[in-house]
Amino acid sequence: MAIFKRSKKIILRNTDYFLTKFSNQVAFTSYGFYKNYYKPYISENKISIKENKFKSYGKVKPIQEIKRDKIRVAYIGAFRYSGIIKNLISTLSNNEMFRLDFYGDCHNKEIIEMMKKAQNSTNNIFFHGPFKNPDDLEEIYENSNVNFVAYDNTLDNEKVAMPNKYYESGFFNIPIICSDNTYLSDRVLEHNMGWSIGISEDEMNVFFNNLTLSKIEDKHNNIKKLDKLLFEA
């Protein structure tokens, strides 16, 4: 079965490259896809980047002042990467300097149960469940001061994709923590919006032990200076 899946993936990938090579125009949601995978097959003047920017619909507004009582880490959206979530919970659990909030849902019952168990066994981790986008996002980001967007950087898509949390963070002026060795980390560091970290528990421990509210506020103030057209459709 594994050999069949690998063969299927190779066939589909090569077909995609072949079609790209003979296309007049190709659209990508992230320049990272072109830079990492498609550059040998089509010239840059034949591509267009259609980023999945945030749509506020006039229902929400940016956060101008962040909370400073403690470091408030938010994990927002669809929950995947159980190993990373486990490491995050282990790193921050019962640390009075931090609050960790999970907003969202997923089909993986084990991940949900892990979050609920953490909520019941710690004093600083909370699971809130599904939310309405974009209506609830201003309140969510207002109750957070850093957005955890560190995904599995060993996966082909995650290496180059631009998650919607990047655009939400830019719109709401909330700093980002993302995985290193990704195109997302390139963009985050380029605009001085946050930090790029390793995803092991040891690496998370080192990072969070050195994270301060002052550093978070510096990033927040820098994001406020950025053109919102970078993030909002």
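This is a short dialogue about reading the features of one predicted protein model.

Visitor: Before we start, what are the ground rules for this model?

Guide: It's a predicted model, where local features need pLDDT of at least 70 and side-chain atom pairs count only at pLDDT 80 or more, while totals for chains, interfaces and linings use all residues. Residues are numbered from 1 along each chain as its sequence is written, and side-chain values use heavy atoms, with hydrogens and water left out.

Visitor: How many helices and strands does the chain have?

Guide: Helices (H or I, at least four residues) and strands (E, at least two) are DSSP runs, numbered from the N terminus. Here that gives ten helices and eight strands. The radius of gyration is taken over C-alpha atoms, and the globule rule is 2.2 Å times the number of residues to the power 0.38. For this chain the radius of gyration is 19 Å, close to the 17 Å the rule gives for 233 residues, so the chain is as compact as a globular protein of that length. Its C-alpha atoms fill a box of roughly 55 × 45 × 30 Å, taken along the principal axes.

Visitor: In what order do the strands of the sheet come?

Guide: Two strands pair if DSSP finds at least two bridges between them. Six strands make an open sheet here, ordered β5-β4-β3-β6-β7-β8, with parallel pairing. The edges are β5 and β8 (194-197), each pairing on one side only. From one strand to the next, the twist averages 25°. Angles run from 0 to 180 degrees between N-to-C directions, and axes are lines fitted to C-alpha atoms, for helices over the stretch in contact.

Visitor: What does the pairing of β4 and β5 look like, and which helix lies across them?

Guide: β4 and β5 pair in the parallel sense over four bridges, and Asp101 stands opposite Phe126 in β5. Helix α4 lies across β4 and β5, running at about 135° to β5. α9 packs on the sheet too, touching β3, β4, β6, β7 (176-179) and β8, and its direction makes about 155° with that of β8.

Visitor: Which residues of α3 are buried?

Guide: Buried means under 20% relative accessible area, exposed over 50%, partly exposed in between (1.4 Å probe, protein chains only). In α3 (residues 82-92), the buried ones are Ile84, Ile85, Asn87, Leu88, Ile89, Thr91 and Leu92. They pack against several elements, including β3 (71-78), β4 (98-105) and α4 (109-121). Across the chain, buried residues make up 48% of the 233 residues.

Visitor: Which residues touch the most other members of the largest nonpolar core?

Guide: In soluble globular proteins, nonpolar side chains tend to be buried together. A nonpolar core is a set of buried Ala, Val, Leu, Ile, Met, Phe, Trp, Tyr and Cys residues joined through side-chain atoms within 4.5 Å. The largest one has 60 residues, and Phe79, Phe102, Phe148 and Phe208 touch the most other members. A second, separate core of ten residues includes Tyr17, Val26, Ile47 and Ala161. As for contacts (heavy atoms within 4.5 Å), and leaving aside neighbours within four places in sequence, Phe102 has several partners, among them Tyr75, Phe79, Ile85 and Met115.

Visitor: Is Glu168 buried or exposed?

Guide: Glu168 lies in helix α7 (residues 164-172) and counts as buried because its relative accessibility is 1%. Setting aside neighbours within four places in sequence, Glu168 is in contact with Phe54, Asn133, Leu137 and Tyr141. A polar contact is a pair of N or O atoms within 3.5 Å; within protein, one must be able to donate a hydrogen and the other to accept it, and residues adjacent in sequence count only if both atoms are side-chain atoms. One such contact, at 3.1 Å, joins the side chains of Glu168 and Lys165.

Visitor: And what does the side chain of Ser144 reach?

Guide: The backbone oxygen of Ile140, at 2.8 Å. Ser144 sits in the loop between α5 and β6 and, at 1% relative accessibility, counts as buried.

Visitor: Where is the backbone unusual in its angles?

Guide: Start with the peptide bond from Asn133 to Pro134, which is cis, with omega near 5°; Pro134 is found in the loop between β5 and α5 (137-142). Then look at positive phi: Tyr57 has a value near 55°, and Tyr81 has about 55° although it is not a glycine. Tyr57, in the loop between β2 (47-49) and β3, counts as exposed at 60% relative accessibility. Tyr81, in the loop between β3 and α3, counts as buried at 13%.
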